[in-house]
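User: Got a two-chain model here and I'd like to go through the interface, then a sheet. Can you put it up?

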Amino acid sequence: MTEPLVSLDKVEKRFDDFVAVREANLEIGAGEFIAIMGPSGCGKTTTLRMLAGLDAPTSGEIRIAGKLMNEVAAHERDTPMVWQSLALFPFLNARENVEFGLKMRGIDSDEREKRAMNWLDRMEIAEFAERNVETLSGGQRQRVALARALVTEPKLLLLDEPLSALDAHLVIRMQGVLTKLQKELGITFVYVTHSQSEAFAMADRVVIMSKGEIAQVGTPREVYRAPRTRFVAEFVGRNNILPGSVTSSDADQVTVETGLGTFSVPGVATIGTKASIVVAGDMMQVGRGENSVDATVISEEFVGSIVTAFLEAADGTELKVQVQERALADLDLQPGSKVTLHWATQDGHLLLEET
Amino acid sequence: MTLFLRTWLCLVAGFIFLPIFVSMLFSFNEARFPTLPLTGFTTGWYEAIFSDPDFWRSAKNSLIVSTTTAVIATFLGFCTAYTDYRYSFRGKSLFLAIILLPPTIPLIIIALAMLAWFSRVGMSGQVVSIIAAHTVLTAPFAMAIIRLRLSQIDESLEAAAWNLGASEWRAMREVILPFCKPAILSSLFLTAAVSFDEFTVSWFVSGLNKTLPVHVLEIVQGTIDPQVNAIGTLVFGVSITLVVISQALIFFRLQKAST
């Protein structure tokens, strides 16, 4: 990465005694699509608000395009935001909403109208330009909000769970609109969400936050396949986590003794370290192999073509297996049936406990 | 049950409006004394008051007092409502309680206290004193109406304006004021109506600068004069118009918000 567009250096935000964001370090490149995700209260929205200048960091430095932003007021920044509630101005029509940012910059009304209409057209809602925003549908309002934020042609767009109020089928469509838009414009999107599917579907890199701290930054694949903390492993989907401690160590492989047996896993660690083996649900297979455990099927969860089966091992550890729905019939994964699961050693991921 | 409620409602409305209606009726009646049967239609009483300079003086005072009061009270009400919406500070509930206090104090007490205070600071008997007193009385209504409106605002709205490049003052002008506009108008009409109608406090503090209700009382005190019916009808007409406009503004806005 060359000169980052946005950089956070040991940024901390406290509200009285509550630490909303702790020691956040992050660099965001120009033209990147970054998703910040985590459960509610993890500090993701506060981080976004600090980028917009709506909250001031208690300590640390925030730079945008190399410039220190700590003392720059919200209205003097060029960091438009798409709000969770959309925050469209109810007393203005769609076009006037889009024109708002231009009006604040003192651009004359002919030019404003031209640029606003251009954006409304681009968002395919030009026909609703003169309509009261309260009479528009959710998807149309979403597009007005996007047009309003983008009309000033910023280098950085902030999005705070903008799709959370939409129906599932609209979410998928708007995801497509957003990724396409971001590619075309080549500007940086910082997208806050609690939804893993939204983040993974759109982002170049994801930032996972927990209790005010950044737990991991990486591409969706990295975060999914190589979680760095137990929190991340639990947060990103269907992972099997087998805690234990390291009993032997080779050049690039260690063995970990867990409650379910002793297994090999690629990685480097000193003997005696507490560590877990993480195996993604889709890497688990039914049958016997390199690393096997016996378990009893508890329940199934059906999500379209993929089925997740939840099982319980002898010591009570919960295990998950993801299989293709069409393969399910051959595997005998009825609740109550006893099966053996296995995974290839190279599909396991070594997770060292944080100290 | 609904039949009972309707009958009850009609009775209550009748009880409140019948005297006003009777007064309207007799304002067009030829006879000097308000007795039945009616003797004949006349607009004479209206002609009488319109040719009375005292009536015009007090009408002018009422107009000045009610419009000025409405503007000041609504401004103060808006400032307090916005303070309540935007900021939290120690002692805020006490602050709000004090702001909302005046309507709970008996009018006669406020009136006496005002009179004592104004004479002390050398402000008694002036139009300004009536305006000051009426502002104290009506500002809480203004605040209540505007506060209700602000409670419906999406909290991101103001921040969204800052985010799009509006300074705090600009956001106030471009977002908060337009959003509150129906409530501000409604408050202007309602406070004007309350001030226009108000008798007790006006009577104590007005001195020679009578407002219309005070003028009415002075006529009634001396004589039985159907002019009072005519003035009463006019005052009622103005007040009810203002109140209806005020209520309509709130009602339609709320209805729109709920759909």
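Analyst: Buried area here means the accessible area, with a 1.4 Å probe, that two parts lose on being put together, summed over both. Keep in mind that this is a predicted model.

User: OK, how much area is buried between chain B and chain A?

Analyst: About 1,800 Å², with carbon and sulfur atoms giving 65% of that area. On the chain B side, the residues that lose the most area to chain A are Asn163(B), Leu164(B) and Glu174(B), which together make up 37% of what that side buries.

User: And how many residues are in contact?

Analyst: 18 residues of chain B touch 22 residues of chain A.

User: Which residues form a salt bridge?

Analyst: The rule finds one across this interface. Lys103(A) pairs with Glu174(B), and their closest N and O atoms are 3.2 Å apart. There are also six residue pairs in polar contact between the two chains, both residues being at pLDDT 80 or more.

User: Which helix of chain B gives the most to that side?

Analyst: Helix 7, with seven residues. By class, the chain B side has ten nonpolar, four polar and four charged residues.

User: Switching to the sheet in chain A. What's the strand order?

Analyst: The order is 13-12-11-14-20, an open sheet of five strands with antiparallel pairing. Strand 13 (261-266) and strand 20 (349-352) each have a single partner strand, so one side of each is left without a neighbour in the sheet. The twist from one strand to the next averages 45°.

User: How many bridges join strand 11 to strand 12?

Analyst: Five, between residues 239-249 and residues 253-258 of chain A. Val246(A), for instance, has Val256(A) in strand 12 as its bridge partner.

Note on methods: Residues numbered from 1 in each chain as written. Chains lettered and ligands numbered in written order. Predicted model: local features only at pLDDT ≥ 70, side-chain atom pairs only at ≥ 80, totals over all residues. Heavy atoms only, no water. Contact = heavy atoms within 4.5 Å. Salt bridge = Lys/Arg side-chain N within 4 Å of Asp/Glu carboxyl O. Polar contact = N/O pair within 3.5 Å; in protein donor to acceptor, adjacent residues only side chain to side chain. Helix = DSSP H or I, 4+ residues; strand = E, 2+ residues; numbered from the N terminus. Nonpolar A, V, L, I, M, F, W, Y, C, P; charged D, E, K, R; others polar. Pairing = 2+ DSSP bridges. Axes fitted to C-alpha atoms, helices over the stretch in contact; angles between N-to-C directions.
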